[in-house]
Amino acid sequence: MPKKTGTNDDSKAGKSAVPAVAKAFDIIELLADVEDGLTMNEMVAALGRTMGEIYRIVVYLTEREFLSQNAETGKYAMTLKLFELSHRHDPTDRLISQAVPILERIAARTEQSCHLGVLNRDNVMVLTSAPSPRPAGYAVRTGALFPVERTSSGHVILAFSSQQTQDRYISRLPDTQQPEAVKRLALIRDNGFEDTASTMIHGVRNLCVPVFDVRGIAAAITTGFIAQNDPIATAAETLDALLSAANDLSRRLGYQIADNTKFSP
């Protein structure tokens with residue numbers, strides 16, 4: 001039997017909780033962890049609620065096709081409806097649509113190009129980019145793939161990923177490179193960004209910041225900062241613009257950012 005996930009005291013969910021909604025989510029979360037489903041009585045026991053509290057909600061969720069009942073066992077189980085709803089809007093499309101105007105704002109403010117990268121297995125993929133408005137500059141092509149170990153984007157995303165993900169990446173590196181990789185990820189977490197020389201282009205300085213959504217780390221914004229004879233923004237000012245933009249994008253993606261200058265995964 002699953003452990004209890006609910007309580008008769010709805011104050012646990014906070015003063016703003018709606019009891020019927022809280023109970024519905026208790027039921028959904030309970031059944032999401034049970035492959036074969038549960039009977040009504042089993043749900044009552046697991047949630048620590050009365051039959052009267054959950055009966056109508058279970059019936060309603062079944063009528064709306066979020067749950068289905070096995071006619072032979074009487075057990076209720078999750079359907080694929082929530083999955084279908086969650087995939088009506090591709091999260092990648094949403095990320096790109098939200099990021100494009102923000103990247104364009106960075107480019108206009110700093111006159112440096114910038115791009116948005118995500119992890120794609122052992123690579124970083126550039127989802128979208130904004131060129132410098134200057135007639136000449138450095139830019140990264142949208143759709144380009146780069147090995148994680150050669151990029152700031154990859155290391156910034158890894159630094160805010162789960163320990164398991166970090167360990168898996170580090171274990172694939174040669175033994176002699178692993179201690180330095182651990183230090184690099186720790187420094188990024190402490191600073192909330194990375195400021196380092198590019199390993200691919202001489203004279204380019206990578207300024208890279210993380211972007212979060214409701215699930216955690218989602219992407220990274222990077223500017224390949226190049227020295228200009230008449231700059232309108234210094235490297236420090238460009239980094240500030242990146243941090244502000246990443247905060248803005250993260251909020252738009254549903255991430256709750258603490259009141260400080262660094263990101264908290």
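Reader: What makes the contact between the side chains of E111 and R134 a salt bridge?

Author: A salt bridge is defined as a side-chain nitrogen of Lys or Arg within 4 Å of a carboxyl oxygen of Asp or Glu, and the side chains of E111 and R134 meet at 2.6 Å, N to O, so the pair satisfies that cut-off. This is a predicted model, in which local features need pLDDT of at least 70 and side-chain atom pairs count only at pLDDT 80 or more, while totals for chains, interfaces and linings use all residues. Residues are numbered from 1 along each chain as its sequence is written, and side-chain values use heavy atoms, with hydrogens and water left out.

Reader: Why is E111 called buried?

Author: Buried means under 20% relative accessible area, exposed over 50% and partly exposed in between, with a 1.4 Å probe and protein chains only; E111 has a relative accessible area of 19%, and therefore it counts as buried.

Reader: Which residue besides E111 forms a salt bridge with R134, and what do the two tie together?

Author: R134 forms a salt bridge with D230, the closest N and O atoms being 2.9 Å apart. Because R134 lies in the loop between β4 and β5 and D230 in the loop between β8 (216-225) and α9 (235-252), the pair ties together parts that are 96 residues apart in sequence. Helices (H or I, at least four residues) and strands (E, at least two) are DSSP runs, numbered from the N terminus.

Reader: How do you know that R184 and E194 form a salt bridge, and are they buried or partly exposed?

Author: The closest N and O atoms of R184 and E194 are 2.9 Å apart, and the pair ties helix α8 (residues 178-191) to strand β6 (residues 194-197). R184, with a relative accessible area of 21%, is partly exposed, whereas E194, at 7%, is buried.

Reader: Why is one side of β5 and of β6 left without a neighbour in the sheet?

Author: Six strands form an open sheet in the order β5-β4-β3-β8-β7-β6, with antiparallel pairing. β5 and β6 stand at the edges, each with a single partner strand, so one side of each has no neighbour in the sheet.

Reader: What makes β3 and β8 a pair?

Author: Two strands pair if DSSP finds at least two bridges between them, and β3 and β8 are joined in the antiparallel sense over three bridges, so the condition for pairing is met.
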